[in-house]
Amino acid sequence: MNLGGLSPDKAPPVEAPLTLFYLMPFFLCLAGLTLAWQGDQVMASRWAPAALATTHFLVLGALAPVMCGALLQMSPVLLGAPYPRVRLVARLTAAGLGLGGVLIGGGFLLSLPGMLLSGGGIAIAGLLVFLVGSFRALSAASGRRETLWAVRLAALALAVTIALGLTLAMVRYGWLQLPQHLRWIDMHVAWGLAGWVGLLLAGVGMEIIPLFYISPAFAAGLKRVLPFAVIVLLLLVVGLPGLPPSLAQALWQWLVSVLFVVHLMYNANALYVQKRRQRPRRDANLWLWQLSHVAVFAAFFAWVFDASDSLLGVLLLGGGVSFVIGSLMKILPFLTWLDLQQRRVAGGHMQVSLPRLRALLPEALANGVAWTLGSAMVATLCGAFAPYLTTLGGILLIACAVLLAYALVRAAIIRRGVIAQFSPLGQPSGGV
Amino acid sequence: MSFQETLTAQHRACDAEFAKIEQAAHRKDWAAAISTMQAFVDDTEAHFHYEEQTLFPALEAVAPMAAGPTAVMRSEHAQMRELFGELQAAIGRRDARALVDAAETLFLIMQQHNVKEENVLYPMADRTVAHGLTVRLEGRKGVA
């Protein structure tokens with residue numbers, strides 16, 4: 001029996017996830033700037049450099065760091081699987097995603113192959129560190145089987161996504177030839193969105209939504225089947241480039257539809273259990289989670305009615321960012337409070353009173369983050385019909401990033417202030 | 001019934017009582033909030049008492065490596081007890097904002113604590129602790 005997740009010395013230090021969380025507002029800001037600057041191009045074509053740059057800023061710089069950071073923190077609790085050398089894993093992953101994300105986005109925007117490829121190499125190095133840590137942690141995990149398999153298969157999907165990404169970067173600049181190379185790009189997107197992002201958010205969501213809101217559990221069959229169904233469908237996608245183009249296209253349409261249906265079952269179940277929650281209050285976390293579920297439904301209809309790929313991308317990426325920021329609104333104040341409480345008990349500083357969660361992240365600030373993100377999504381979507389609105393969408397996304405950065409820095413400053421009260425000299429004894 | 005089934009059911013029962021406190025406060029029914037809070041504290045304390053006085057010592061006796069984790073669990077019980085006091089004080093003052101704040105903190109502590117017990121400690125207890133203890137556990141009616 002693995003007891004590592006319960007041992008006090010194996011609990012991940014709060015600095016590990018925070019190192020990764022700090023990347024998110026910076027990259028949301030870069031994505032917002034690109035949208036505000038070249039939003040018309042983003043909405044005109046998924047192949048526009050600005051669209052590719054925005055996508056990679058969001059996926060590598062905003063989504064991936066928070067997903068990785070949350071996993072470092074939750075894995076010991078949910079799966080009984082602490083990451084080895086968690087601070088080092090967090091720092092190297094953050095460095096790889098931070099530097100790699102900037103170079104990849106910049107490489108697309110400035111059409112600089114060297115910048116793009118070096119960014120790809122750095123981002124992959126960072127993600128490989130995370131994957132090696134995940135492999136070692138998850139191989140000894142003892143948590144709930146369904147969640148464990150969802151996380152394992154999401155990690156597999158991440159590995160496939162980055163391998164395909166590197167291959168495509170080489171194809172883009174003529175260093176490698178592939179038959180039906182557009183099909184390989186679709187494959188990269190499918191493994192990244194439906195596999196890594198979709199599977200991890202669904203797997204973790206099915207565990208934490210009932211937990212946070214005292215709601216009925218997700219359907220047991222869905223929890224068991226979803227991770228494997230997604231991976232089997234994605235493996236079928238891998239076979240498409242070997243088929244005649246017309247057949248490959250027909251099968252691609254069918255496979256994506258089925259992938260959507262599988263994920264919609266999760267999102268529909270999520271909305272249902274949230275509706276039947278016992279906790280009465282609606283908070284920013286719940287709004288953002290529900291926005292993400294609705295966005296996936298809207299993306300499905302956009303797919304069915306053959307809307308532009310850009311519109312589909314805004315809905316799916318916006319939905320992913322919405323779920324992740326929603327989770328952050330819960331995780332950030334709690335982790336900060338828990339760290340302070342553990343220091344307080346360990347040091348015997350019971351006379352020091354701790355700030356409450358609402359002091360660490362005021363409700364108005366969390367609501368501001370939610371509203372600006374939701375408005376940015378709506379404005380950017382409307383940009384498909386009135387291109388100037390993508391500029392507004394970009395500005396709102398920058399506003400969201402600024403509020404999120406303020407929330408993170410504010411919590412860090414309060415934490416340092418309390419830690420200073422624990423120290424006899426009044427100096428903080430731990431980093432932020 | 002196993003430790004896993006019985007004690008997890010107690011967690012869910014305490015969760016449901018906790019939700020009733022929030023529901024009562026949400027509709028400003030302070031009398032209901034006070035009575036539900038008392039029931040919640042009584043049942044949670046009974047659950048803690050069983051774990052601290054019976055289950056954890058039994059686990060530590062058969063598996064010394066469990067001593068670290070059970071110490072963490074006891075420490076988290078102490079954190080929750082401190083928050084019970086804050087929640088009761090907020091209800092006593094009819095202070096809805098303070099109640100929401102203390103409730104959110106307590107609830108998140110409770111949930112991460114429960115997940116750890118349900119995923120690790122209770123399965124371990126089912127594998128290692130004597131069957132006689134399980135039988136006595138089933139005899140308890142007043143906890144959940």
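Q: How many residues of chain B are in contact with chain A?
A: The model is predicted: local features need pLDDT of at least 70, side-chain atom pairs count only at pLDDT 80 or more, and totals for chains, interfaces and linings use all residues. Residues are numbered from 1 along each chain as its sequence is written, chains are lettered from A and ligands numbered from 1 in the order in which they are written. Two residues are in contact if their C-beta atoms, placed from the backbone, lie within 7 Å. With 25 residues of chain A on the other side, the number for chain B is 26.

Q: Which helix gives the most to the side of chain B that touches chain A?
A: Helices are DSSP runs (H or I, at least four residues) and strands likewise (E, at least two), numbered from the N terminus. On chain B, α1 (3-26), α3 (67-92) and α4 (96-128) each supply at least two residues of the side that touches chain A. The most, 13 residues, comes from α4(B).

Q: How many residues of the side of chain B that touches chain A are nonpolar?
A: Ala, Val, Leu, Ile, Met, Phe, Trp, Tyr, Cys and Pro count as nonpolar, Asp, Glu, Lys and Arg as charged, and the others, Gly among them, as polar. On this side of chain B, nine residues are polar and five charged, and the nonpolar ones number 12.

Q: Why does Ile419(A) count as buried or exposed?
A: Ile419(A) sits in helix α14 (residues 388-422) of chain A. A residue is buried if 20 or more other C-beta atoms lie within 10 Å of its own, exposed if 12 or fewer, and partly exposed in between, with C-beta atoms placed from the backbone. Because Ile419(A) has 22 C-beta neighbours inside 10 Å, Ile419(A) counts as buried.
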